[in-house]
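Dear colleague,

I am handing over the structure below, and after it you will find my notes on what turned up when I went through it. Please read them alongside the coordinates.

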Amino acid sequence: MAIYGYCRISTHKQSIERQIRNIRSKHPKAVIFQEVYTGTKTDGRKKWEQLLRIVKQDDTIVFDSVSRMSRNAAEGFATYQKLFDGGIELEFLKEPHINTAVYKKALNNHIAMTGTKTDIILKAVNEYLMELAKEQIIIAFEQAEKEVTDLHQRTKEGIETARLEGKQIGQRPGAKLTTKKSIAAKADIEKYSKDFNGTLTDAECMRMIGIARNTYYKYKKELLEAKAS
């Protein structure tokens, strides 16, 4: 009965450590699967797909929140139901009311039939309790989907407000993006390239510095333009 943790962030700028820490605080020996993936659906999540290939009956998958599993309500519940039917436990640290253990309890805690006409009412009550549990799970996924929709809307409105106020949106045309990595790479090009202070050819420089061909020529062009100005 293995315990796995699944952590996901949308961009490399975000930190995944909080999710890992939260899972490890409750399950110190959990095997953590983590990835960066932008999107509401699970298709294309390589680590998630890898986890699904190895998880088996009686194993547990732990999430920091339901949104880490899926931000698409329909797909989220379908995946939940499929894993539940496969005997896999799902645990959501921020939404424990939809853990599969709770869902399983709703399935097993049916009110016993009496063999009388009262059973008509009891059957209806049992069905209602089951639908109520199912509804809570769907609501949790719908809330996760709503959060990402609201975020996109706020971002869109913020960009439009900035545009109407005359603010620059994004990088100005022709502007050069400067990073620590680009500064270091350009310094190496100037040091090793025969077009500057070195003796190496372009191909030799690329191998020495360890950067892609397009990036190399982009940086070299910028250096030559700066040198000419």
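**Salt bridges and helix packing around α9**

In this predicted model, the structure holds 8 salt bridges. One of them joins the side chains of Glu 222 and Lys 186, at 2.5 Å from N to O, and this pair links distant parts of the chain, with Glu 222 in helix α9 and Lys 186 in helix α7, 36 residues apart. Glu 222 counts as buried because its relative accessibility is 10%, and Lys 186 is likewise buried, with a relative accessible area of 18%.

Glu 222 also meets Lys 218 in a salt bridge (3.1 Å, N to O); these two residues are 4 apart in helix α9, so about one helical turn separates them. Lys 218, at 42% relative accessibility, counts as partly exposed.

Lys 220 forms a salt bridge with Asp 195, the closest N and O atoms being 2.5 Å apart, and here the link runs from helix α9 to the loop between α7 and α8, across 25 residues. Lys 220 is buried at 8% relative accessibility, whereas Asp 195 is partly exposed at 33%.

As for the packing, the axes of α7 (residues 180-192) and α9 come within 10 Å and cross at roughly 75 degrees, which makes the two helices roughly perpendicular. Their contact includes Lys 186 and Ile 189 in α7 and Glu 222 and Leu 223 in α9, and its residues divide into 5 nonpolar, 1 polar and 4 charged. Helix α8 (residues 202-209) packs against α9 (residues 213-228) at about 110 degrees, with the axes 10 Å apart.

Best regards

Definitions and conventions
Residues numbered from 1 in each chain as written. Predicted model: local features only at pLDDT ≥ 70, side-chain atom pairs only at ≥ 80, totals over all residues. Heavy atoms only, no water. Axes fitted to C-alpha atoms, helices over the stretch in contact; angles between N-to-C directions. Parallel < 35°, antiparallel > 145°, perpendicular 65-115°, else oblique. Contact = heavy atoms within 4.5 Å. Nonpolar A, V, L, I, M, F, W, Y, C, P; charged D, E, K, R; others polar. Salt bridge = Lys/Arg side-chain N within 4 Å of Asp/Glu carboxyl O. Buried < 20%, exposed > 50% of the residue type's maximum accessible area, 1.4 Å probe, protein only.
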